[in-house]
Amino acid sequence: MPRSVIAGVDVGSITLPSADRLVDVLVSAARGAGVDPGGLVVGTHLQVTRSGRPHVVLTTSSAGTAGWQWWLMVRALSGHRAPLAVCVGRDAVGDDDAVEAARAAVEERAGRIAGRCVHFPGAEAIAGTMTAGQITAASAIDVVTEVGRGELAPDAEILTGARVRPRWEFGALTLHVQHEGQGVYLPFESASALRVG
């Protein structure tokens, strides 16, 4: 199986919705760089460096993708927001503070210990109402858990909406949900936008 290179792109201190839009730019640029968007994993990581300055870093990975392909994809961001630092494999460019943030995010992603996953294999296949078992079978999500309660039964129904943002925790891509009554669960991050009734 081809090794997966993880790239980190520090896009500065921006909101998570703005970072999500940049994820869409990276995914669109993937095809032009010869990368299959269906196998692409892109996440966001909030980093606070030693200077105390907050940074939002995008991390990307896809099995078999070469470093030069990541550089092509990152170039697509420059028309939307100039990156403060880019880290691809062992190579990094940018100011020291931003490189520190990018490297820290790459380490989080490599260890699957932190960060929001915005684009991942199977993301489009899990839009709508699905069971926890269907979500884990059809996507890269490893586990669905109720906030404060633990893992859901495979037959629990989740109203996912258009896009979910699972998080890496303890080596697993985890979708957090909350109970909304009448047996319905909503993704925790987007629950206010999807609230029933």
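## Starting inside helix H1

Let's begin with helix H1, where the buried residues are Ala19, Asp20, Leu22, Val23, Val25, Leu26, Val27, Ala29 and Ala30. This is a predicted model, so keep that in mind as you look around. What sits over those buried residues? The cover includes strands E2 and E3, helix H2 and strand E6, which runs over residues 116–119.

H1 itself covers residues 16–32, and its 17 residues should span 24 Å at 1.5 Å a residue. The C-alpha atoms at its ends are 25 Å apart, which agrees. Just after H1 comes Gly34, with a positive phi of about 80°.

## A closer look at Ala19

Ala19 is a handy residue to click on in H1. Its relative accessible area is 0%, so Ala19 is buried. Leaving out residues up to four places away in sequence, Ala19 touches Ile14, Thr44, Val56 and Leu58. Thr44 is 25 residues away along the chain, yet the C-alpha atoms of Ala19 and Thr44 are separated by 7.1 Å.

## Helix H3 and its cover

Next up is helix H3, made of residues 96–111. With 16 residues at 1.5 Å each, H3 should span 22 Å, and the 23 Å between its end C-alpha atoms agrees with that.

Which residues of H3 are buried? They are Asp97, Ala98, Val99, Ala101, Ala102, Ala105, Val106, Glu108 and Arg109. An α-helix has 3.6 residues a turn, so residues three or four places apart point the same way. The cover over the buried part of H3 includes strands E1 (4–10), E2 (41–48), E3, E4 (85–88), E5 (91–94) and E11 (167–169).

## Gln47, a strand residue that meets H3

Gln47 belongs to strand E2. Is Gln47 buried or exposed? Its relative accessibility is 8%, so Gln47 counts as buried.

Setting aside neighbours within four places in sequence, Gln47 is in contact with Arg53, Pro54, His55, Val57, Ala101, Ala104, Ala105 and Glu108. Among these partners, Ala101, Ala105 and Glu108 are also on the list of buried residues in H3. Val57 is 10 residues from Gln47 in sequence, and 7.2 Å separates the two from C-alpha to C-alpha.

## Two buried loop residues

Loops are worth a visit too. Thr65 is in the loop that links strand E3 (54–63) to helix H2 (67–75). With 6% relative accessibility, Thr65 counts as buried. Not counting residues up to four places away in sequence, Thr65 touches Val5, Val35 and Trp70.

Ser139 is in another loop, between helix H4 (132–138) and strand E8 (143–146). Ser139 also counts as buried, because its relative accessibility is 12%. Beyond the residues up to four places away, Ser139 touches Phe120, Pro121, Gly122 and Ile126. For Ser139 and Val118, which are 21 residues apart along the chain, the C-alpha separation is 13 Å.

## Two unusual backbone angles

Most residues other than glycine have a negative phi. Arg112 has a positive phi of about 55° although it is not a glycine. You'll find Arg112 in the loop between H3 and E6, and at 25% relative accessible area Arg112 is partly exposed.

Gln182 is not a glycine either, and it too has a positive phi of about 55°. This residue lies in the loop between strand E12 (172–179) and strand E13 (184–187). How accessible is Gln182? The value is 82%, so Gln182 counts as exposed.

## Zooming out to the whole chain

Now for the full view. The chain has five helices and 13 strands. Its C-alpha trace spans about 50 × 40 × 30 Å along the principal axes. For 197 residues, a compact globule would have a radius of gyration near 16 Å, and the 17 Å of the chain agrees with this.

As for what is inside, 47% of the 197 residues count as buried. Take the contacts between residues at least 6 apart in sequence: 65% of them join residues at least 24 apart. On the outside, the chain exposes about 9,500 Å², with 53% of that supplied by carbon and sulfur atoms. The side chains include 17 positive and 20 negative ones, and the centres of those two sets lie 5 Å apart.

Conventions. Residues numbered from 1 in each chain as written. Predicted model: local features only at pLDDT ≥ 70, side-chain atom pairs only at ≥ 80, totals over all residues. Heavy atoms only, no water. Helix = DSSP H or I, 4+ residues; strand = E, 2+ residues; numbered from the N terminus. Buried < 20%, exposed > 50% of the residue type's maximum accessible area, 1.4 Å probe, protein only. Contact = heavy atoms within 4.5 Å. Rg over C-alpha atoms; globule rule 2.2 N^0.38 Å. Areas by Shrake-Rupley, 256 points an atom, 1.4 Å probe, with all protein chains shown as cover. Lys, Arg positive; Asp, Glu negative; His and termini not counted. Charge placed at Lys NZ, Arg CZ, Asp CG, Glu CD. Expected span 1.5 Å × (residues − 1).
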